[in-house]
Amino acid sequence: MVLKVSDAIGLATFAAYGADLAYSHGFSLVTVAMISSIVASGGGVLRDILVNDIPLILTKEIYATAALGGGIVYYLVASISNQGYATLITIFTVVTIRIFAIKYNLHLPVIKAEVGNR
């Protein structure tokens, strides 16, 4: 559990960093959210590859989705307040989403593709 909480904190920190970087360049809400998710998920993918695990982003875990939500929160808070508050609220939001997903075993829905005759 300690590793999962540490990973959630790292995910949240990089989500906030990516969102801050994108917001500082004047990008739109969608772009800020996407860059936040990409920056945050990239570290986790690299970690999983180095330890020879399947990256969490390729499973049904709520991982990149939490970072995407953090990017949205960052943009909205930074629009009405300063970027320091936005960073703190984003980190809190992403950690909270990720911890709830872990604790309550929440997952993204899985689409089952039909293979066969048409």
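Is Y23 buried, exposed or partly exposed? In this predicted model, Y23 has a relative accessibility of 22% and therefore counts as partly exposed. Its partner in the story that follows, Y75, is also partly exposed, with a relative accessible area of 22%.

A good place to begin is with the aromatic rings, which form 3 pairs. The ring centres of Y23 and Y75 lie 5.5 Å apart and the planes meet at 80°, so this pair is edge-to-face. Because Y23 belongs to helix 1 and Y75 to helix 3, the pair ties together parts that are 52 residues apart in sequence. Together with Y74, these two tyrosines form one aromatic cluster. Another pair joins F100 and Y104, and here the arrangement is stacked, with 5.7 Å from centre to centre and 20° between the planes. Both of these rings are partly exposed: F100 has a relative accessible area of 44%, and Y104 has a relative accessibility of 48%.

Attention now turns to the interior. The largest nonpolar core has 11 residues, among them L11, A40, I62, Y63 and V94. Helix 1 (2-24), helix 3 (64-80) and helix 4 (83-103) each contribute at least two residues to this core. A second core, separate from the largest one, contains 7 residues, including V32, V77, A78 and A86.

Y63, a member of the largest core, is worth a closer look. Beyond its neighbours within four places in sequence, Y63 is in contact with D7, L11, S41, G44, R47, L56 and R98. One of these contacts, L11, is likewise part of the largest core.

Key
Residues numbered from 1 in each chain as written. Predicted model: local features only at pLDDT ≥ 70, side-chain atom pairs only at ≥ 80, totals over all residues. Heavy atoms only, no water. Core = buried A, V, L, I, M, F, W, Y, C linked by side-chain atoms within 4.5 Å. Buried < 20%, exposed > 50% of the residue type's maximum accessible area, 1.4 Å probe, protein only. Helix = DSSP H or I, 4+ residues; strand = E, 2+ residues; numbered from the N terminus. Contact = heavy atoms within 4.5 Å. Phe/Tyr/Trp six-rings, centres within 6.5 Å; stacked < 30°, edge-to-face > 60°.
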